[in-house]
Amino acid sequence: MSLREAIAELDVESLGDDMHALVADLFPICRSITGDGFRQTLAILDKRVPLEVHEVPSGTRAFDWTVPPEWNLRDAYVADLAGNRVIDVRASNLHVMSYSVPTRRRVTRSELDEHLHWLPEHPEWIPYRTSYYRPDWGFCLSERQRAGLSDPEYDVVVDSTLEDGSLTYGELVVPGETQDEVLVTAHACHPSMANDNLSGVALVAFLAEILATTRPRRSYRFLLIPGTIGSITWLSRNEAVVPRIVAGLVVACVGDGGPLTYKSSQRGDALVDRAAAHVMRRRGGSVRAFTPFGYDERQFNSPGFDLPVGCLSRTPHGEFPEYHTSADDLELVRPESLAGSLAAALDIVRILDEDAAYVNRHPKGEPQLGSRGLYPSTGGRQAEEGVLAMLWVLNQSNGGRSLLDIADRAALPFDAIQTAATTLAEAGLLAVSSERGDDDG
Amino acid sequence: MSLREAIAELDVESLGDDMHALVADLFPICRSITGDGFRQTLAILDKRVPLEVHEVPSGTRAFDWTVPPEWNLRDAYVADLAGNRVIDVRASNLHVMSYSVPTRRRVTRSELDEHLHWLPEHPEWIPYRTSYYRPDWGFCLSERQRAGLSDPEYDVVVDSTLEDGSLTYGELVVPGETQDEVLVTAHACHPSMANDNLSGVALVAFLAEILATTRPRRSYRFLLIPGTIGSITWLSRNEAVVPRIVAGLVVACVGDGGPLTYKSSQRGDALVDRAAAHVMRRRGGSVRAFTPFGYDERQFNSPGFDLPVGCLSRTPHGEFPEYHTSADDLELVRPESLAGSLAAALDIVRILDEDAAYVNRHPKGEPQLGSRGLYPSTGGRQAEEGVLAMLWVLNQSNGGRSLLDIADRAALPFDAIQTAATTLAEAGLLAVSSERGDDDG
Amino acid sequence: MSLREAIAELDVESLGDDMHALVADLFPICRSITGDGFRQTLAILDKRVPLEVHEVPSGTRAFDWTVPPEWNLRDAYVADLAGNRVIDVRASNLHVMSYSVPTRRRVTRSELDEHLHWLPEHPEWIPYRTSYYRPDWGFCLSERQRAGLSDPEYDVVVDSTLEDGSLTYGELVVPGETQDEVLVTAHACHPSMANDNLSGVALVAFLAEILATTRPRRSYRFLLIPGTIGSITWLSRNEAVVPRIVAGLVVACVGDGGPLTYKSSQRGDALVDRAAAHVMRRRGGSVRAFTPFGYDERQFNSPGFDLPVGCLSRTPHGEFPEYHTSADDLELVRPESLAGSLAAALDIVRILDEDAAYVNRHPKGEPQLGSRGLYPSTGGRQAEEGVLAMLWVLNQSNGGRSLLDIADRAALPFDAIQTAATTLAEAGLLAVSSERGDDDG
């Protein structure tokens, strides 16, 4: 089945509830950049889409980085001397700073405070903190909870392991007619937070599931990886794949109630940037210039690769108050937002797949559309969108301009221009251009 | 006489009444894309400017098109069974759909309705309809008139001929110093409608009459043609001329009370586009991006030719409510609008004719203008427009920038810059550049 | 000492009073484009910075110009027949038109009027007028003063000399590591007016004094010249220097209370233009497009040189009402404005001196900043400006983009980007690029 046919058969809006249910399934797991939580996450996703699971041993070099020891957590709490757990990871994964080293000691209240993280501006919320590369331990808690810690001493227990193991990531390649690849990634390393980034994980999983049923023009590569170290590790192991990547999307924070946002690649005018900008215009979203911070697009856009990879979000990272706190929960993420984000991603994917350049085979004057049944036979009235789209395609199809170029210039939907091109090609008026290939012009 | 001198001698504003009188002379004629109405129109125009009349036989191939049979109309009406003409082409040319096939039959009221065209939103107006390429007959009438048709049967008579004959168009070439050509065209195929497009016909005729008295730098070619099939036919018979066309204007709807509008060529930055944009800024008009619908610019801008031909209008086609109806009459068109449009066209033509690049012959520092009487001898005051224009011309004249480039950068009128250049050239400070030729850079 | 260190040691804001004192010292002198007033001005400046004084003989050719006779004034007045001086140059230098020829005669009141200059719109102010190249005499006075001239005859005395002598200008070159030069000039030919242009003279003198203590990367050339004829004369004698000039600033009207204004060079996108635009954005100033009138940038930007020389001002010439009148006095010029303008000039100079392109030595993915102590070890929070600046420098440093390019793209201060680059270079993550040299790319 072609990508277009597969998408036409979908009722994308109806998928929002299923996407939300997947987010809810994944929410309780204690994930980090390595460890069993990440593996458990991939196992749940594997029920939807067959993921290839990769394990990269601790200590493996990845450019300037080294895969860290694997971290697993059995238990973590702070207890008063009577043995009551006053901070307890069983209540929330966020209570323990990710990658906290194994710890079992009695500390004074003031010593404890040096290891606590809280948010004065949000007294009910627990912040999310990590210390992947500096050995340390810490607990995160609400301001209100901290106010109750009035004993002189506490017992701290972090029952974690930090040992040689591996970094895990999941990968799925959907082969297309060409070897050109579109990369779609999400980071899946955050513990119990829904928008950042289980929403992204769900979108990538659903998109992969849809595309896996099709034979698209380009190949699609889906990655579910730990943030930063995951993309760097993947890049270091796949340098041969990199030259084939013609477009990419990092997906994150796509479940909240905000409007769609696309952050451009460093290049700014790559095909994926123009495709996404077209979709944002049509769906009321906005486009932002590239910045070298955010998610894994940082790595894909580093100057040694400079890949045309943008980032699809709703409210961008750090701009919603619940960001990196316990308030980024299952209520923040809405089924209709998830479905709308998936629909936007499918729109972008369709443009990536269908954009092509044609040559008008009757370039001298307009061909006579009326005699081919393509033009209203009674003259004198104003033209309709379908006719305008055909006239635009005929006028602009000199072999060097693609359908997306034409749609943007005509300020018409890509779909209308693509439909017009199909009609004209069927009528023998348009031929595929050999001037522009499949690459990212 | 130079073009500049000829224009300087004119009182363009006073020509509005004459232009309107010409529109009024041409208004009653029953025109179509072929036939005696078109010939009669050219005969009237020939009294002002000597037109070469071309006849292209029916059946002649023109790229993807074929010149249609010639259509002539003797009479057309719908009569009740008592013989009263209830729709009568003698009342308005628009009553019969153009190219209606010969018909003489009795029809039921409901059968008649399938051949009627009316405008519910404008109950008093008769619409204009055509069926050039699908054999059919039809009548156009006001909504009010249609409401009165309450008999069960009517007699329909279309006393037309649709036979081998020819397509007619008029042409005038005013030779210039170079073979480069400026193309100025109007469609002259519409029956009794004043703005679309007798206003355009009148402007082209007056412009041709003015230029015919001069020896311009470039050659000018004026065409009065039937819309679409006329430009396609002309192009197919003049492929050798096409490479010489460096600029062009399609003129239509230039008589209504709206502000001036220039629609750019497909290229968007051709000399004619920049010249017209300059004139629009000076005359309170606006510039629109190219679209591949409208008038014969569709054909000139088709990808096989891609000629730098724009369209000069006031209110563009389809945007005034009277468009393609009987309300596009002699009152809609105003003498002052016609004259103002002619003045704008002359401004554009002057830039096309006079734009040139110069070289500053004293490029190191400013030359001493004061010693040549070109600069106020008492210093300390602010400079005037004439002095500023000279300083701009001296600063920018490196051989690669034309006077229009300079006028646009300086935000000064082309006329001021051209006058400054003439003054400086006469003072020996400026020489014509050989870097830029006459072509459309 | 490096330029950066020298600037870091300065308290620029505190220099405003000294700059104003210098303006006040220079104010009483009767200056013109030649003569002892100009020499006296340079002698006072020489106490701050060692100026090389050049004397160019009258009659020397300078491109299209000739160095005029030297003008000196001993006395000038208009007296009534009773011998009372009713206009007296001892009251204001502006009373005599600059370059007035020696004159001693009795004139009627109406004959006198032909030689008077006044400002009806400002009845208390004396205008500034010159007649350098047409032999004439004249007096400037307030409207009120003129109203009192009711006698039938007056005695006119201009006790001037206009004889072979020389044109004088001052020059200081601060040698840098490279022969590339930055040109900084002010016209110093105006008599008692403070903003135009003793403010410019003071800024150039202070800037020269600061830079003379340093060893900058580029060489700096400071010129204090008479307007127009001075820059033309300098250019004609220094054609071998011209190719080394990579940036330049003409400084004028930098003491009034208006916001900063930078007028671009003709090129518009030269390094100095981009540096100044960056500083204007940071300091609330504005950028204007080049125009070929104003000050000596007219000459430096003439097409035979087309040097990247802009103009730094506060309120531009002719836009403050006191321009070229006696109201341009010591009160119009404010210490804080002078100091702010000097600070802006130093900001521009720092960018000219420090802008460079680097290459990221770990271009594949981000290098691990945390392990080098350059990244916060606790993750989860938003990044700070210093970290963002490092990420921008790493992402953009492909050898072809300079720090200023990066600062502009990141919308961060040049200083933050430059500091980040220094930090990264010290950590071995960045190397100087050989792709871009010291020239004005």
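Of the 441 residues of chain A, 62% count as buried, where buried means under 20% relative accessible area, exposed over 50% and partly exposed in between (1.4 Å probe, protein chains only). The model is predicted, so local features need pLDDT of at least 70, side-chain atom pairs count only at pLDDT 80 or more, and totals for chains, interfaces and linings use all residues. Residues are numbered from 1 along each chain as its sequence is written, chains are lettered from A and ligands numbered from 1 in the order in which they are written, and side-chain values use heavy atoms, with hydrogens and water left out.

Chain A holds 13 helices and 19 strands. Helices (H or I, at least four residues) and strands (E, at least two) are DSSP runs, numbered from the N terminus. Taken along the principal axes, the C-alpha atoms of chain A fill a box of roughly 90 × 45 × 35 Å. Contact means heavy atoms within 4.5 Å. Among contacts in chain A between residues at least 6 apart in sequence, 80% link residues at least 24 apart.

Chain A contains an open sheet of eight strands. Its order is β1-β10-β12-β11-β13-β16-β14-β15, and the pairing is mixed. Two strands pair if DSSP finds at least two bridges between them. The edges are formed by β1 (52-57) and β15 (286-288) of chain A. Each has a single partner strand, so one side of each is left without a neighbour in the sheet. Neighbouring strands of this sheet are turned by 25° against each other on average, direction ignored. Axes are lines fitted to C-alpha atoms, for helices over the stretch in contact, and angles run from 0 to 180 degrees between N-to-C directions.

Within the eight-stranded sheet, strand β13 (residues 245-251) of chain A pairs with strand β16 (residues 309-313) of chain A. The sense is parallel, over four bridges. A:Gly248 has A:Val309 in β16(A) as its bridge partner. Helix α8 (residues 271-283) of chain A lies across β13, β14 (261-263), β15 and β16 of chain A. This helix runs at about 165° to β14(A).

An open sheet of four strands in chain A has the order β5-β4-β9-β6, with antiparallel pairing. At its edges stand β5 (85-88) and β6 (103-108) of chain A. Each of these has a single partner strand, so one side of each is left without a neighbour in the sheet. Neighbouring strands of the four-stranded sheet are turned by 20° against each other on average, direction ignored. Strand β4 (residues 70-79) and strand β9 (residues 153-163) of chain A pair in the antiparallel sense over nine bridges. A:Asp155 in β9(A) is the bridge partner of A:Ala79.

A:Glu171 sits in strand β10 (residues 166-174) of chain A. A:Glu171 is buried, with a relative accessible area of 6%. Its side chain makes a polar contact of 2.6 Å with the side chain of A:His54. Another polar contact, also of 2.6 Å, joins the side chains of A:Glu171 and A:Arg221. A polar contact is a pair of N or O atoms within 3.5 Å; within protein, one must be able to donate a hydrogen and the other to accept it, and residues adjacent in sequence count only if both atoms are side-chain atoms. Not counting residues up to four places away in sequence, A:Glu171 touches eight residues by name: A:Pro50, A:Leu51, A:Glu52, A:His54, A:Arg221, A:Phe222, A:Leu223 and A:Trp234.In chain C, C:Val89 lies in the loop between β5 (85-88) and β6 (103-108). C:Val89 counts as buried, at 8% relative accessibility. C:Val89 and C:Arg74 are 15 residues apart in sequence and 9.5 Å apart in space, C-alpha to C-alpha. Not counting residues up to four places away in sequence, C:Val89 touches C:Leu73, C:Asp75, C:Ala76, C:His95 and C:Val96. Helix α6 (residues 194-211) of chain C has 18 residues. From first C-alpha to last, α6(C) reaches 24 Å, close to the 26 Å expected at 1.5 Å a residue. The expected span is 1.5 Å times one less than the number of residues. Of the 18 residues of α6(C), 17 are buried.

Two copies of a chain are related by a rotation about an axis and a shift along it. Chain C can be laid on chain B with an RMSD of 0.1 Å by a turn of 120° and a shift of 0.1 Å along the axis. That is the relation of a three-fold axis. Copies are superposed by least squares on the C-alpha atoms of residues with pLDDT of at least 70 in both. Of the residues of chain C, C:Asp269 comes closest to the rotation axis, at 13 Å (C-alpha). Chain B can be laid on chain A by a turn of 120° and a shift of 0.2 Å along the axis, with an RMSD of 0.1 Å. In chain B, B:Asp269 is the residue that comes closest to the rotation axis, at 13 Å (C-alpha).
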